[in-house]
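Notebook open, coffee ready. I want to look up how this chain is put together, going from the sheet outwards.

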Amino acid sequence: SFRFTLAIIKPDIFVKQPNNVKSIIEKIESRFIIHTSKQINLSIQDAEQFYHDHREKFFYERLISFMTRGPILPMVLEYKNNDQNNDTIKNWRDFIGPTHREKAKTMNCLRGEYGTSDTRNSFHGSGSEEEAKKEIVFFFPKFDFNNPKSN
Ligand code: CMP
């Protein structure tokens with residue numbers, strides 16, 4: 001379990017559903033602290049670096065062109081709860097739901113509500129503690145893991 005995760009609101013939201021950004025952020029804030037965030041446009045090189053582990057996948061080209069077609073909002077999240085095993089990675093992944101649209105649609109989750117295809121699935125969440133650390137540093141090199149409130 002890890003205290004933080006790297007979440008992203010993907011370009012399909014900003015390009016096709018800009019009116020939903022505000023209510024999505026409110027939903028996120030009902031359960032997570034957003035320690036830091038910034039709206040940016042990924043370059044192709046940034047996207048290729050971020051998704052390096054997917055470079056052999058059949059959907060890689062689609063993924064890179066999708067992630068560079070509009071703004072994204074990366075955020076460092078922390079799950080709001082009081083117990084000691086604050087597993088933000090799992091809680092965020094449960095909150096967004098599964099990658100694949102057909103499955104997500106059957107569940108109460110953000111991807112089920114906003115996602116429109118297996119590529120345009122609206123949200124990202126780190127898959128492990130190692131990934132979360134790497135991805136947080138990728139977008140927020142100055143993030144202070146020991147004193148997040150200062151960010
Ligand atoms: P995510 O699981 O966050 O990271 C990999 C991304 O690749 C995924 O979200 C989708 O945006 C995309 N992706 C995953 N599976 C497929 C697929 N079968 N077809 C197209 N895109 C996919």
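Before anything else, I need one cut-off: a residue is buried if 20 or more other C-beta atoms lie within 10 Å of its own. I also note that this is a predicted model.

**Entry 1: strand 1.** Is strand 1 mostly covered or mostly open? I looked, and 5 of its 5 residues are buried, so it goes down as mostly covered by the cut-off above. Then I sorted those residues by side. Side chains in a regular strand alternate between the two faces of the sheet. Here Thr5, Ala7 and Ile9 sit on one side, while Leu6 and Ile8 sit on the other, and all of them are buried. I wrote down that both faces of strand 1 are covered.

**Entry 2: partners of strand 1.** Which strand do the 5 bridges from strand 1 lead to? They lead to strand 3, residues 73-79, and the two run antiparallel. I picked one pair to find on screen: Thr5 has Leu77 as its bridge partner in strand 3. Strand 1 also pairs with strand 4, again in the antiparallel sense, over 3 bridges. There I found Ala7 opposite Gly125 of strand 4.

**Entry 3: the whole sheet.** In what order do the 4 strands line up? I read 2-3-1-4, in an open sheet with antiparallel pairing. Strand 2 (32-37) and strand 4 (123-125) are at the edges with a single partner strand each, so each has one side without a neighbour in the sheet. From one strand to the next, the twist averages 30°.

**Entry 4: helices on the sheet.** Next I checked what lies against the strands. Helix 2, residues 21-31, lies across strands 1, 2 and 3, and it runs at about 120° to strand 2. Helix 5, residues 88-96, packs on the sheet too, touching strands 1, 2, 3 and 4. Its direction makes about 120° with that of strand 3.

**Entry 5: zooming out.** I counted 8 helices and 4 strands in the chain. The radius of gyration is 15 Å, close to the 15 Å from the globule rule for 151 residues, so the chain is as compact as a globular protein of that length. Across the 151 residues, 30% count as buried.

**Entry 6: the ligand.** Last stop: which residues are around the ligand? My list reads His54, Phe59, Arg62, Leu63, Thr99, Asp118, Thr119, Asn121 and His124. Sorted by class, that shell has 2 nonpolar, 5 polar and 2 charged residues.

Conventions:
Residues are numbered from 1 along each chain as its sequence is written. This is a predicted model: local features need pLDDT of at least 70, side-chain atom pairs count only at pLDDT 80 or more; totals for chains, interfaces and linings use all residues. A residue is near a molecule or strand if its C-beta atom, placed from the backbone, lies within 6 Å of it. Ala, Val, Leu, Ile, Met, Phe, Trp, Tyr, Cys and Pro count as nonpolar, Asp, Glu, Lys and Arg as charged, and the others, Gly among them, as polar. Two strands pair if DSSP finds at least two bridges between them. Axes are lines fitted to C-alpha atoms, for helices over the stretch in contact, and angles run from 0 to 180 degrees between N-to-C directions. Two residues are in contact if their C-beta atoms, placed from the backbone, lie within 7 Å. The radius of gyration is taken over C-alpha atoms; the globule rule is 2.2 Å times the number of residues to the power 0.38. A residue is buried if 20 or more other C-beta atoms lie within 10 Å of its own, exposed if 12 or fewer, and partly exposed in between; C-beta atoms are placed from the backbone.
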